[in-house]
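This report goes through one protein model. Please keep the sequence and the 3D view at hand while reading.

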Amino acid sequence: MQALGRIVSFHQNKHGDIDGFDLDEDTIVRFPPHLGALVTSQLKLGTKVDVQGRRHRTSHGEIHLHAESLRIRGKRIQLRDSSEREDIAEDRPPRPDENDWMTKQQADQMIDELRKIRLLLEKHVK
């Protein structure tokens, strides 16, 4: 999945960490919060950015683009798959909240799977 647009707002998670932004063409872009400082050091409101990533549906049904790489003014910032230990190809800031982020991600996946199981059970019980 790819999106191209200008940043209209940044998104903060419940801990106050920047973990994404919204583009003017209505795409919601997300990335791991420990990369927020790095990403916002390169991006400002109004910056035109080309985002490569994968489509993601949250446990709340929200669809967004999970960023794997960003291109700004010809410069590429490579973000790796969140399951890998190394998340960025260039130097990155320390990850003080990595455990919180990983726990949240795992919890969201588990909730999504439980909802699917519940729906399957409800169909077979009726």
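The text below covers the nonpolar core, the aromatic pairs and two backbone angles of this predicted model.

**The nonpolar core**

The largest nonpolar core holds 17 residues, and F21, L43, V49, V51 and L70 are the members that touch the most others in it. Four strands each supply at least two residues of this core: strand 1 (2-12), strand 2 (18-23), strand 4 (48-57) and strand 5 (63-72). Strand 5 gives the largest share, which is four residues.

L43 shows what such a position looks like in detail. If neighbours within four places in sequence are left aside, L43 is in contact with I7, F10, F21, V49, L70 and I72. Among these partners, F21, V49 and L70 are also listed with L43 as core members that touch the most others.

**The aromatic pairs**

How many aromatic pairs does the structure hold? There are two, and they are set out here.

| Pair | Centre to centre | Angle between planes | Type |
|---|---|---|---|
| F10 and F21 | 6.4 Å | 80 degrees | edge-to-face |
| F21 and F31 | 6.2 Å | 50 degrees | tilted |

The F21 and F31 pair ties together parts that are 10 residues apart in sequence, because F21 lies in strand 2 and F31 in the loop between strand 3 and helix 1 (36-42). The F10 and F21 pair links F10 in strand 1 with F21 in strand 2, and these two residues are 11 apart. Through the ring pairs, F10, F21 and F31 are joined into a cluster.

Are the rings of this cluster in buried or exposed residues? F21 has a relative accessibility of 0% and counts as buried. F31 is buried as well, with a relative accessible area of 3%. F10, at 26% relative accessibility, counts as partly exposed, because that class covers values between under 20%, which is buried, and over 50%, which is exposed.

**Two positive phi angles**

Most residues other than glycine have a negative phi. Two exceptions follow.

D26 is not a glycine, yet its phi is positive, at about 70 degrees. D26 sits in the loop between strand 2 and strand 3 (28-30). With a relative accessibility of 71%, D26 counts as exposed.

R73, also a residue other than glycine, has a positive phi near 50 degrees. The place of R73 is the loop between strand 5 and strand 6 (75-78). R73 is exposed too, and its relative accessible area is 69%.

Notes. Residues numbered from 1 in each chain as written. Predicted model: local features only at pLDDT ≥ 70, side-chain atom pairs only at ≥ 80, totals over all residues. Heavy atoms only, no water. Core = buried A, V, L, I, M, F, W, Y, C linked by side-chain atoms within 4.5 Å. Buried < 20%, exposed > 50% of the residue type's maximum accessible area, 1.4 Å probe, protein only. Contact = heavy atoms within 4.5 Å. Phe/Tyr/Trp six-rings, centres within 6.5 Å; stacked < 30°, edge-to-face > 60°.
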